Amino acid sequence: MARILAIDDESSILESYKIALEDLHDVTMAEDGDAGLKTLDSGLYDLVLLDISMPGRSGLDVLKEIRRQEYDCAVIMVTVHKDVETVVEAIKAGADDYMTKPFKVTDLRHTIELSLKMIDLERKNRSLRASLKATEHRGEIIYASESMALVFESLKKAAPTDSSVLITGESGTGKELAAQFVHEHSRRAEFPLITVNCAAIPETLLESELFGHEKGAFSGATERKTGKFELANRGTIFLDEIGALSLELQSKLLRTLETKVIERVGGNKPIHLDVRWIAATNRDLSRSVENGEFRNDLFFRLNVIAVNLPPLQERREDISLLADHFLQQFAEELKKPALRLSNEVQEVFEVYDWPGNVRELRNLIERHTVLEPGPEVSVESLPDHMLDAYRKEIGVAITDVTKSRYKEAIEEFRRAFIVRAMRIAKGNQIRAASILGLHRNTLSHHLRALKILPEEYGQGDVSK
Ligand SMILES: Nc1ncnc2c1ncn2[C@@H]1O[C@H](COP(=O)(O)OP(=O)(O)OP(=O)(O)O)[C@@H](O)[C@H]1O
Ligand SMILES: [Mg+2]
């Protein structure tokens, strides 16, 4: 069922539209051009039937205004005389089709169905192009962990419904990716997914960004602006960083969520919308509710389906898989052969705690793919804070061993610690010394004193 606006100064014609179309479509009527434009402004229409000759604003004039304001609808011009010149002018000004009065009901319906098909295709095409642009930097969702499998299982179940979804998780865990997944697995997939980052837009602009504004709504509003909610109609709106919203905007959002109606800033006409909601935050929203920073009722409305993306350090089995994926991805993007991770680098990755989660891993690999000649990512090129964490971690692992005698335990620890560093540095004493934070001479003294052999750090065969 499409929403059709018929503009004609003859009431008998309007009546006949109504009778011919009512069982198929939702028909609204306007008796002149000004009334028609006003109606268009307060709702979303798929198609306009527009009389060419009317007193006051001519049909052609109204058509030009419709195209200038970029209303997303098809326009069929209706004329008594098939005046070729006017028809040509109308088509040039953006009309999709034309009809002559009087018309047969079957012809009218046929012409309308054709135009509706066209506008539908156009919209799908537009949203496909938009999502294609978004995929350029996206790609697949990679995981091996049970916890992520569970998350995506529930998202898959939630996707085809219209329920609101709340995605929580630390920064960089893949919340935006999860939102895209839900949209793409929903029946709205061919319509737009519109993202609003609530934290990135200044509070004063956010309201008009979300709801749009009328011309002259405030100083600087020189044109009518379509808000994100309207753009998301039939599709999905993704409200990212929703925890950053002011209480005032929270109550406006709550009203929208409950009534499915928005009003543009500076306007007073309700616009009905069909939008699915996904929200995300890296805050603990239930805590924000307790602190009075987030509305309880909005939280419950958003929280119909809730998923939490675990931090990367709680799903270590995903690390090497993700690393391989990004190595491949950036190699393709940069048209270079893919780098490999040495065993040592993999070890460092395994024990590191990844505070920036998947994004940190992705950025690291992008940087290495750009900067390193290859073929391997070497351990010395990793950032210092990662190596520090690694040194600390292996230190702890070895001292865990309970030794009855202090001296023995310390000796064993020193030995293992140095062997590990020599292995990471592939037997290069200068590198190993720098990993250990020792002077080179001190290291070589320890190597001799502890009688550490090259075989112990995997360099035994090198001289052969
Ligand atoms: N499981 C995954 N598989 C593949 N890529 C992933 C995965 N998780 C995250 N990424 C990638 O990591 C980056 C960060 O993910 P995303 O932007 O979805 O995180 P976020 O949780 O929204 O972060 P923030 O809270 O900082 O906005 C993106 O480039 C995303 O494509
Ligand atoms: Mg995000």
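Helices here are DSSP runs of at least four residues, numbered from the N terminus. With that in hand, here are legends for a few views of this predicted model.

**View 1. The whole chain, helices and strands together.** Start with the big picture: the protein chain carries 19 helices and 14 strands. Its radius of gyration comes to 32 Å, while the globule rule would give 23 Å for 464 residues, so the chain is more spread out than a compact globule. Put a box around the C-alpha atoms along the principal axes and you need roughly 105 × 55 × 40 Å.

**View 2. Inside and outside of the chain.** How much of the chain is buried? Buried residues make up 44% of the 464 in the protein chain. Turn to the outside, and about 24400 Å² is exposed, with carbon and sulfur atoms supplying 52% of that area. As for charge, there are 62 positive and 76 negative side chains, and the centres of those two sets sit 5 Å apart.

**View 3. Who touches whom along the sequence.** Take the contacts in the protein chain with a separation of 6 or more: 70% of them join residues that are 24 or more positions apart.

**View 4. A stacked ring pair, Y143 and F152.** Searching the whole structure turns up ten aromatic pairs. One of them brings together Y143 and F152, which are stacked, with 5.3 Å from centre to centre and 10° between the planes. Are these two rings buried or exposed? F152 has 5% relative accessibility and counts as buried, because the cut-off for buried is under 20%. Y143, at 30%, counts as partly exposed. Keep F181 in the frame as well, since ring pairs link Y143, F152 and F181 into a cluster.

**View 5. A tilted ring pair in helix α13.** Now move to F326 and F330, an aromatic pair of the tilted kind: the ring centres are 6.5 Å apart and the planes make an angle of 35°. Where do these two residues sit? Both belong to helix α13, which covers residues 319–334, and being four residues apart there, F326 and F330 are separated by about one helical turn. F326 is buried, with a relative accessible area of 6%. F330 is buried too, and its relative accessible area is 1%.

Technical notes
Residues numbered from 1 in each chain as written. Chains lettered and ligands numbered in written order. Predicted model: local features only at pLDDT ≥ 70, side-chain atom pairs only at ≥ 80, totals over all residues. Heavy atoms only, no water. Rg over C-alpha atoms; globule rule 2.2 N^0.38 Å. Buried < 20%, exposed > 50% of the residue type's maximum accessible area, 1.4 Å probe, protein only. Contact = heavy atoms within 4.5 Å. Areas by Shrake-Rupley, 256 points an atom, 1.4 Å probe, with all protein chains shown as cover. Lys, Arg positive; Asp, Glu negative; His and termini not counted. Charge placed at Lys NZ, Arg CZ, Asp CG, Glu CD. Phe/Tyr/Trp six-rings, centres within 6.5 Å; stacked < 30°, edge-to-face > 60°.
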